[in-house]
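Student: I should like to understand how the terms used for a protein model are justified. May we work through some examples together?

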Amino acid sequence: MSKGKSTVRDTVVLFATLMLFWLMLSGTLTADVLLVGAVVSLLIALLYPNGLSFFTEFRFTPAAIVAGFRYYGYFFKELVKSNLTLAGIVLSPSLPIAPTIVKVRTKLKSRMGRLMLANSITLTPGTLSVELEGEWLYVHCVSVGATEVEAATAEIVSGFESYLEVMYG
């Protein structure tokens, strides 16, 4: 697994991801479209060797694939929960908000796992990943139950991290 250094595998994974994305957007399999997609995908993969794609650093094991499906189930559940919670806060006449930045710890080591964690937190309404520094992630919350590191980590990070650790390490 790479830690900031690009490998041939990372470049191939980035090329394959870009090519797949190109095919999904173009909607056709004609030779000219395939050629343009292959050339552009190859150029991007070579020019940005440290680029991240969903499959960069992904552990292609049966457990990681199952964790990937479970992660998305968990993410969508948290997305619905946070939308309902935030709607309740906004619709409440007293507007019970207490904006806070909390410091949480992540045990994820891979770049992609940490990126997915920060993005998952940001995509759930009411929270925003502000900074990732070492093992620490700073999260802005509209309202949070716990502000101590361990309690906030359990509340905000642990659910996502349990799946991402299996997927990316």
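The dialogue below sets computed values against definitions.

Tutor: Please note that this is a predicted model, in which local features need pLDDT of at least 70 and side-chain atom pairs count only at pLDDT 80 or more, while totals for chains, interfaces and linings use all residues. Residues are numbered from 1 along each chain as its sequence is written, and side-chain values use heavy atoms, with hydrogens and water left out.

Student: Why is Ser 110 called buried?

Tutor: Buried means under 20% relative accessible area, exposed over 50%, and partly exposed in between (1.4 Å probe, protein chains only). Ser 110 has 0% relative accessibility, so Ser 110 counts as buried.

Student: Where is Ser 110 found?

Tutor: Ser 110 is in the loop between strand S1 (100–105) and helix H4 (111–123). Helices (H or I, at least four residues) and strands (E, at least two) are DSSP runs, numbered from the N terminus.

Student: What makes the phi of Leu 95 worth a remark?

Tutor: Phi of Leu 95 is near 45°, a positive value in a residue other than glycine. Most residues other than glycine have a negative phi. Leu 95 is found in the loop between helix H3 (62–91) and S1.

Student: Why is Leu 95 called partly exposed?

Tutor: Leu 95 has a relative accessible area of 43%, so the value lies between the two cut-offs and the residue is partly exposed.

Student: How do you know that Glu 150 and Arg 105 form a salt bridge?

Tutor: A salt bridge is a side-chain nitrogen of Lys or Arg within 4 Å of a carboxyl oxygen of Asp or Glu. The closest N and O atoms of Glu 150 and Arg 105 are 3.1 Å apart, and the pair forms a salt bridge. Glu 150 lies in helix H5 (residues 149–168) and Arg 105 in strand S1, so the pair ties together parts that are 45 residues apart in sequence.

Student: Which word describes Glu 150, buried or exposed?

Tutor: Glu 150 has a relative accessible area of 51%, so Glu 150 is exposed. Arg 105, at 31% relative accessibility, counts as partly exposed.

Student: What makes the contact of Glu 135 with Arg 105 a salt bridge?

Tutor: The side chains of Glu 135 and Arg 105 meet at 3.7 Å, N to O, in a salt bridge. Glu 135 lies in the loop between strand S2 (127–133) and strand S3 (136–141), so this pair ties together parts that are 30 residues apart in sequence.

Student: How many salt bridges does a search of the whole structure find?

Tutor: The search finds six salt bridges.
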